[in-house]
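Here are some short exercises to work through with the model open beside you. Try each task before reading its solution.

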Amino acid sequence: MRIGVLGLQGAVREHVRSIEACNAEAVVVKRTEQLEELDGLIMPGGESTTMRRLIDRYGFLEPLKEFAASGKPIFGTCAGLILLANNIVGYDEPHLGVMDVMVERNSFGRQKESFEADLNIAHVGDHFNAVFIRAPHIVEAGEDVEVLAKHNDRIVLARHGQFLGCSFHPELTDDNRLTAYFIEMVKESKEKIVS
C-alpha cells in the first residue's frame, strides 16, 4: 500500500506520520511521475490559490486528473477539498472538479478564528477532535455524495465514490482513524482494480 502526499505545500510531514502510524507506506510526491507508483493520494491543506499556482508551475494538473480518472482514491483535506470540488462559491472554474460538491472557502473565518471541534464521523467513530484552520465547508453535495460529518449543520466531511474531502486537518492530532478509513478505501479500490 503506497499512499502519496502531494508535497507542494501544507502539512506534508504530519500526513506522512499519520499514514505510517496506520502501517502503510507514505511517499512525498514532488514529481508527476511518482503518481504512477501510488495506490492512493492525499492532497493536504495549505492555501488553495497558492497550491493551484504550484500545481500549474510543476505541471501537475493533467496528471492529477488522470490519477483521479484511473479510479484511485484521493483524500483532500482543507485546501485539498477545494481542489477536488466541482464547484467553488465565487469562482467560475473548479481546479480538478472531480467531487460532486460545492464548497465555500474560509467559511469558518480567518486564521485567528481557528478552532477545534468534537465530531461524530460515520464509519469512523465518535469524539474525533477536528482542527479547523481557515476552513472551507461543503455548501451542497450531489445525490451520490455521502455526508460523513457535520459541524453546526455545515457539512465538513463527505465521500463521493473514491474521493474523500474534509474541511479540517485530521493530520494535526494523534487520532489516525480518518487516515485509516482512507487507507481502507484504497485497499478496497485496489482489490476492485485487481479483480
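**Exercise 1.** In this predicted model, decide whether Phe132 and Phe168 are buried or exposed, then classify their ring pair.

*Solution.* Start with accessibility: both Phe132 and Phe168 are buried. For Phe132 the relative accessibility is 1%, and buried means under 20%. Next, look at the rings: the centres of Phe132 and Phe168 lie 5.6 Å apart, with 55 degrees between the planes, so the pair counts as tilted. Finally, place the partners: Phe132 is in strand S8, while Phe168 sits in the loop between strand S12 (163–166) and helix H5 (177–194), so this pair ties together parts 36 residues apart in sequence.

**Exercise 2.** Find how many aromatic pairs there are, and work out how Phe115 and Phe132 are arranged.

*Solution.* The count is four aromatic pairs. One of them joins Phe115 and Phe132, which are stacked at 4.7 Å centre to centre with 5 degrees between the planes. Phe115 belongs to strand S7 (residues 115–121) and Phe132 to strand S8 (residues 125–132), so the pair ties together parts 17 residues apart in sequence. Phe115 is partly exposed, at 24% relative accessibility. Stepping back, ring pairs link Phe115, Phe128, Phe132 and Phe168 into a cluster.

**Exercise 3.** Explain why Cys22 and Cys166 are too far from their closest cysteine sulfurs for a bond.

*Solution.* The cut-off for a disulfide is 2.5 Å between sulfur atoms. From Cys22, the closest cysteine sulfur is that of Cys166, 14 Å away, so this is too far for a bond. From Cys166, the closest is in Cys78 at 8.0 Å, again too far. Cys166 is also buried, with a relative accessible area of 0%. The total is zero disulfides.

Definitions and conventions: Residues are numbered from 1 along each chain as its sequence is written. This is a predicted model: local features need pLDDT of at least 70, side-chain atom pairs count only at pLDDT 80 or more; totals for chains, interfaces and linings use all residues. Side-chain values use heavy atoms; hydrogens and water are left out. Buried means under 20% relative accessible area, exposed over 50%, partly exposed in between (1.4 Å probe, protein chains only). Rings of Phe, Tyr and Trp (its six-membered ring) pair if their centres lie within 6.5 Å; planes under 30 degrees apart count as stacked, over 60 as edge-to-face and the rest as tilted. Helices (H or I, at least four residues) and strands (E, at least two) are DSSP runs, numbered from the N terminus.
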